[in-house]
Amino acid sequence: MFMIALNRRLHHFVRNQDVQVWERWPTTLLYGKKVAILGMGVIGEAIARKGKAFDMTVYGIGSVPRKIEGVDTFYKTEELKKVAAEVDYFISVAPARPDNFEMLNGDFFARMKPIKEILEQNLFT
């Protein structure tokens with residue numbers, strides 16, 4: 001839901017509503033976007049299927065590569081930083097363990113696309 005809210009710039013609509021500005025602008029779709037999911041357990045698999053329902057490219061990330069319905073490409077956790085640079089959205093549903101916290105550090109976030117770049121991509125204009 002948060003990906004849809006970002007793509008539709010819901011935060012701008014809410015701010016404008018507070019000041020009674022009724023401005024319209026084009027929004028983007030999740031179609032064609034790339035999402036990575038860290039933690040391919042039951043929850044990760046369910047999220048992958050939902051991503052495919054929006055015609056997103058879905059990358060699964062886990063310690064043991066395997067074929068999962070809804071996942072286009074599976075990466076090992078060692079390839080996490082490589083995947084970060086490629087995706088528009090990153091979802092972590094990995095267990096809250098110290099080793100997982102260490103993976104998602106400043107270096108990881110620095111490799112991701114800036115949110116402004118993602119929001120400015122409009123495939124239908």
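**Entry 1: aromatic pairs**

I counted two rings of Phe, Tyr or Trp as a pair if their centres lie within 6.5 Å, taking the six-membered ring for Trp. I called planes over 60 degrees apart edge-to-face. The model I searched is predicted. My search of the whole structure gave three aromatic pairs.

I looked at Y59 and Y75, where the ring centres are 5.6 Å apart and the planes stand at 70°, so I entered the pair as edge-to-face. I then placed the two residues: Y59 is in strand β2, residues 57-62, and Y75 is in strand β3, residues 73-76, so the pair ties together parts that are 16 residues apart in sequence. I checked burial for Y59 and Y75, and both are buried.

Next I took F108 and F109. Their ring centres are 5.0 Å apart and their planes are at 75°, so this pair is edge-to-face. I read a relative accessible area of 0% for F108, so I put F108 down as buried. I also noted that ring pairs link F90, F108 and F109 into a cluster.

**Entry 2: inventory of elements**

I listed seven helices and four strands in the protein. Along the sequence I read the pattern α-α-β-α-β-β-α-β-α-α-α. The protein has 125 residues, and buried residues make up 34% of them.

**Entry 3: the sheet**

In what order do the four strands stand in the sheet? I traced an open sheet in the order β3-β2-β1-β4, with parallel pairing. At the edges I found β3 and β4, the latter being residues 89-92; each has a single partner strand, so one side of each is left without a neighbour in the sheet. I noted an average turn of 20° between neighbouring strands of this sheet, direction ignored.

I went through the bridges next. Strand β1, residues 34-38, is joined to β2 by five bridges, and the two run parallel. One bridge I looked up in β2 sets G60 as the partner of I37. From β1 I followed the chain through helix α3, residues 42-53, to β2, and I recorded this β-α-β crossover as right-handed.

On to β2 and β3: four bridges join them, and they run parallel. In β3, I found T73 as the bridge partner of Y59 and F74 as the bridge partner of G60. G60 thus appears in my notes with I37 as well as with F74. Y59, from the ring pair with Y75, appears here with T73 as its bridge partner.

Is β2 mostly covered or mostly open? I found β2 mostly covered, with five of its six residues buried.

**Entry 4: helix α3**

I picked out G44, which lies in helix α3. G44 has a relative accessible area of 1%, so I listed G44 as buried. I also took a distance from G44 to V71, which is 27 residues away along the chain: the C-alpha atoms are separated by 9.8 Å.

**Entry 5: the largest pocket**

I read a volume of about 220 Å³ for the largest pocket. Which residues are closest to its centre? Of the 16 lining residues, I found G39, G62, S63, T77 and R97 closest to the centre. The elements that give two or more residues to the lining are β2 and α5, the latter being residues 98-103. I noted that α5 gives the most to this lining, with three residues.

**Entry 6: positive phi**

Most residues other than glycine have a negative phi, so I looked up the exceptions below.

Q20 has a phi near 55°, a positive value in a residue other than glycine. I placed Q20 in the loop between α2, residues 10-18, and β1. Is Q20 buried or exposed? I read 62% relative accessibility, so Q20 counts as exposed.

D55 is not a glycine either, and I read a positive phi of about 60° for D55. I found D55 in the loop between α3 and β2. Its relative accessible area is 48%, so I entered D55 as partly exposed.

Terms used:
Residues numbered from 1 in each chain as written. Predicted model: local features only at pLDDT ≥ 70, side-chain atom pairs only at ≥ 80, totals over all residues. Heavy atoms only, no water. Phe/Tyr/Trp six-rings, centres within 6.5 Å; stacked < 30°, edge-to-face > 60°. Buried < 20%, exposed > 50% of the residue type's maximum accessible area, 1.4 Å probe, protein only. Pairing = 2+ DSSP bridges. Right-handed = clockwise from strand over helix to strand, strands pointing away. Axes fitted to C-alpha atoms, helices over the stretch in contact; angles between N-to-C directions. 1 Å grid on protein atoms, 1.4 Å probe; cavity = no way out; pocket = protein on both sides within 12 Å on 5 of 7 lines; lining within 4 Å. Points joined across faces, edges and corners; volume = space filled by probe spheres on them.
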